[in-house]
Amino acid sequence: MASDPEQHTLSSLGKVGKSSGEIGGVEEPLINGLHGSENYSVLAAIFPFLFPALGGLLYGYDIGSTSCATISIESATLSGISWYNLSSVEIGLITSGSLYGALIGSVLAFNVADFLGRRRELIAASLLYLVGALITALAPDLPIMIIGRFVFGIGIGLAMHAAPMYIAETAPSRIRGRLISLKEFFIVLGMVGGYGIGSLLVDVVAGWRYMYAASTPLSVIMGIGMCWLPASPRWLLLRAIQGKGNLRELRETAINCLCRLRGPAFGGSAPEQVDEILDELSYVGEEKEATLGELFQGKCKKALIISAGLVLFQQITGQPSVLYYAASILQSAGFSAASDATRVSILLGLLKLIMTGVAVLVVDRLGRRPLLLGGVTGMVISLFLLGSYYLFLDDAPVLAVVALLLYVGCYQLSFGPIGWLMISEIFPLRLRGRGLSIAVLVNFGANALVTFAFSPLKALLGAGILFYAFGAIAVASLIFIFFVVPETKGLTLEEIEAKCL
């Protein structure tokens, strides 16, 4: 790419308003679905999804590889280090270091996302992935290793914030749901890859170093790819109508970016599409500068309730806890592979991969609400079955296996991909960066809380009561989805703001 398309935002040579004659002179917005043709080249649409999705792949890889790396690093003969005799707290810092880094990354995104833009934020994430992986892999002692895990985690926070925004803002409306859901597929694919590479290296001396170093090539590819991709046209147009750059230059840059994103099939309709977006942005009030207070008012308050509720229920309906019991459930049913935690993880990872693939294929046909309602209903049934197994039916391990597989499959049809999809769609554009950072912060915070509280709650209540409690929370999430979460299938991002909020 000859020049950085985001550099134009640094100029302040013109102001933008509804009366500007350069917007195109259209008085009525095209909010009723009459927006221009969204023809696109499939090949051109792949790359704006692929490189941001590598951020999700690296997140998933970190989860899978770390589960194997902790086994390697604690081995007296295979760790290749003198400080292998680690306490449970130290192992906890290794495994959760990236999670706490992700929390910090989410906080950072709140302040820098709209200034940097989605593309630059993803470039920063790729650099943090690279630096964090190298520090971790080459760490001479535990403190340096934890610093590396923390740096990698900041990259996770930025990537999981910017990737769904970039994909949502650049994807054609007809396949937006499919592409954002496919990002969840990449997360699961990364997990399976992490488990697989970890199982191959777990018996190698200092294998944990190679496990973490293996993510560096993908970090480089992600960074180079994001440098090559154009900026989000909607982000550029938001800067334009808010008077943060020269209108004519930003409009032309947005047109060029849109042509690159949609390919030759888009033809000469890019200027018309850009003008329609500008008109719709002006109609829904995006020309006003965003303030912190607006996050908790009006449309953004409703979007914040929807997104925070979805990602909160995504975590507190027991997803980390159910997987914790996977090995023991399969072992009780007589599966020989259950004696090997890595193989069990690969088995469940493959199931997650298949079911996420199903969600990707049907989300733009069936819609978001049917998948959420159907999938969470299956989760409710599976959680009550698991609770009953641990309280009354311990002589029926096959029932527990069925419940486990049902839970994993239904989660990947619903909360897994649809949660990330909807939080990227639902916020007004000028508040999307900040709103999404709060949603991502809630996601990682709830994940950390559930992970931390699981063991004491299990000791206090027992597994059966705990799964019943998760089932009751899942029922509450069904009520929330039915009454609060709208359907966004087939709508442009501007139509979602106008019609659903």
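**Exercise 1. Determine whether Leu310 is buried or exposed, and describe its surroundings.**

Step 1. Leu310 has a relative accessible area of 0%, so this residue is buried. The term buried stands for under 20% relative accessible area, exposed for over 50%, and partly exposed for values in between, with a 1.4 Å probe and protein chains only.

Step 2. The model is predicted: local features need pLDDT of at least 70, side-chain atom pairs count only at pLDDT 80 or more, and totals for chains, interfaces and linings use all residues. Residues are numbered from 1 along each chain as its sequence is written, and side-chain values use heavy atoms, with hydrogens and water left out.

Step 3. The residue belongs to helix α11, which covers residues 298-316. Helices (H or I, at least four residues) and strands (E, at least two) are DSSP runs, numbered from the N terminus.

Step 4. Neighbours within four places in sequence are left aside; Leu310 is then in contact with Leu372, Phe415, Met422, Phe480, Ile481 and Val485. Contact means heavy atoms within 4.5 Å.

Step 5. One of these partners, Phe480, is 170 residues from Leu310 in sequence, yet the two C-alpha atoms are 8.6 Å apart in space.

**Exercise 2. State which residues touch the most other members of the largest nonpolar core, and where this core lies.**

Step 1. A nonpolar core is a set of buried Ala, Val, Leu, Ile, Met, Phe, Trp, Tyr and Cys residues joined through side-chain atoms within 4.5 Å.

Step 2. The largest such core has 96 residues, of which Leu310, Phe415 and Phe444 touch the most other members.

Step 3. Helix α4 (residues 142-170) gives the most to this core, namely eleven residues.

Step 4. Because domain 1 (42-229) and domain 2 (294-500) both give residues to the core, it lies between them. The domain bounds come from an automatic or database domain assignment.

Step 5. Phe415 touches, beyond four places in sequence, Leu310, Phe313, Gln314, Thr317, Leu372, Val376, Met379, Ser477 and Ile481.

Step 6. Another core, of 19 residues, lies apart from the largest one; Ala231, Leu236, Leu247 and Leu281 are among its members.

**Exercise 3. Describe how helices α2 and α3 pack, and which residues make the contact.**

Step 1. Two packed helices are described by the angle between their axes and the distance between the axes.

Step 2. For α2 (residues 88-116) and α3 (residues 118-138), the angle is about 125° and the axes are 6 Å apart. Axes are lines fitted to C-alpha atoms, for helices over the stretch in contact, and angles run from 0 to 180 degrees between N-to-C directions.

Step 3. The two helices are therefore oblique to each other. Under 35 degrees counts as roughly parallel, over 145 as roughly antiparallel, 65 to 115 as roughly perpendicular, and the rest as oblique.

Step 4. From α2, the contact uses Ala109, Ala113, Asp114 and Leu116, and from α3, Arg118, Arg120 and Glu121.

Step 5. These residues divide into three nonpolar, no polar and four charged. Here Ala, Val, Leu, Ile, Met, Phe, Trp, Tyr, Cys and Pro count as nonpolar, Asp, Glu, Lys and Arg as charged, and the others, Gly among them, as polar.

**Exercise 4. Place Leu122 and Phe150, and classify each as buried, partly exposed or exposed.**

Step 1. Leu122 lies in helix α3, and at 0% relative accessibility this residue counts as buried.

Step 2. Outside four places in sequence, Leu122 is in contact with Pro52, Ala159, Ala162, Ala163, Tyr166, Met222 and Met226.

Step 3. Phe150 is found in helix α4; its relative accessible area is 35%, so Phe150 is partly exposed.

Step 4. With residues up to four places away not counted, Phe150 touches Gly97, Tyr100, Gly101 and Ile104.

**Exercise 5. Locate Ala139 and Ala206, and report the phi value of Ala206.**

Step 1. Ala139 lies in the loop between α3 and α4, and its relative accessible area of 0% makes it buried.

Step 2. Beyond four places in sequence, Ala139 is in contact with Trp83, Ile144, Met145, Trp208 and Arg209.

Step 3. Ala206 is placed in the loop between α5 (173-201) and α6 (207-213). At a relative accessible area of 12%, Ala206 is buried.

Step 4. Phi of Ala206 is near 60°, a positive value in a residue other than glycine.
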